[in-house]
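Colleague: I'd like to learn how to read a model like this one. Could you take me through it feature by feature?

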Amino acid sequence: MERFVAFDIGDKRIGVAVSDPFNTYALPSQTYFRKGFKQDVEALVKIVKEKGATAVICGLPVNFDGSEALQTVKTQRFIDALKEALKIPVICEDERFTTQLAHEVLISEGMSREKRKNYVDALAAANILDGYLAKIKK
């Protein structure tokens, strides 16, 4: 049985989402607050193992037109370190608009800016995973 974990990788926080048991939809799981490159990789590897994931989906930030941004390079470096540390597939997924969409949802629910910080990345990770799940179902 397949199980996916998705990461929305930012400079300060990493959003985590998991697929439901039938890989129908994504569930926001948690927000990991970054401590340092090596420590962050180790923490995410631990999360992947705890969740019993068979593959990891990582959001890859690109410019509006699809070209590489500085953030793309930084995120790719982190994803490469994850690939080396894990023995399961690590797949990159376009993450354009996922964080923006997450902010809009939380704002529409009347959540304060301070509180949104704790949820927005996990919700963005769920958006990334939902996009991936929709793609593999086609």
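Modeller: Sure, we'll go from the overall fold to single residues.
This is a predicted model, where local features need pLDDT of at least 70 and side-chain atom pairs count only at pLDDT 80 or more, while totals for chains, interfaces and linings use all residues. Residues are numbered from 1 along each chain as its sequence is written, and side-chain values use heavy atoms, with hydrogens and water left out.

Colleague: Which secondary structure pattern does the chain follow along the sequence?

Modeller: Helices (H or I, at least four residues) and strands (E, at least two) are DSSP runs, numbered from the N terminus. Here there are four helices and five strands, in the order β-β-β-α-β-α-β-α-α.

Colleague: What radius of gyration would a compact globule have with 138 residues?

Modeller: The radius is taken over C-alpha atoms, and the globule rule is 2.2 Å times the number of residues to the power 0.38. For 138 residues that rule gives a value near 14 Å, and the chain agrees, with 14 Å. Its C-alpha trace spans about 40 × 35 × 30 Å along the principal axes.

Colleague: And how many of the residues, in percent, count as buried?

Modeller: Buried means under 20% relative accessible area, exposed over 50%, and partly exposed in between (1.4 Å probe, protein chains only). In this chain 42% of the 138 residues are buried. For contacts, the criterion is heavy atoms within 4.5 Å. Of the chain's contacts with a separation of 6 or more, 64% are between residues 24 or more positions apart.

Colleague: Now the salt bridges. How many does the structure hold?

Modeller: The test is a side-chain nitrogen of Lys or Arg within 4 Å of a carboxyl oxygen of Asp or Glu. The structure holds seven. One of them joins Asp11 and Lys74, with 3.2 Å between the closest N and O atoms. Asp11 sits in the loop between strand E1 (4-9) and strand E2 (13-19), and Lys74 in helix H2 (residues 70-85), so the bridge ties together parts 63 residues apart in sequence. Asp11 is partly exposed at 47% relative accessible area, and Lys74 is partly exposed at 36%.

Colleague: What about a pair within one helix?

Modeller: Try Lys46 and Glu50, which form a salt bridge at 3.9 Å, N to O. They are four residues apart in helix H1 (residues 37-50), so about one helical turn separates them. Both Lys46 and Glu50 are exposed.
Then look at Arg34 and Asp40, whose closest N and O atoms are 2.8 Å apart in their salt bridge. Arg34 is partly exposed at 23% relative accessibility, whereas Asp40 is buried at 1%.

Colleague: Which side chain of opposite charge is nearest to the buried Asp8?

Modeller: For charges, Lys and Arg count as positive and Asp and Glu as negative, with His and the chain ends not counted. Asp8 lies in strand E1. Asp8 has no salt bridge, and the nearest side chain of opposite charge is Arg13, 7.7 Å away. Leaving out residues up to four places away in sequence, Asp8 touches several others, including Ile14, Glu95, Asp121 and Ile128.

Colleague: One last feature: where is Asn23 found?

Modeller: Most residues other than glycine have a negative phi. Asn23 is not a glycine, yet its phi is positive, about 55°. Asn23 is in the loop between E2 and strand E3 (26-33), and at 11% relative accessibility Asn23 counts as buried.
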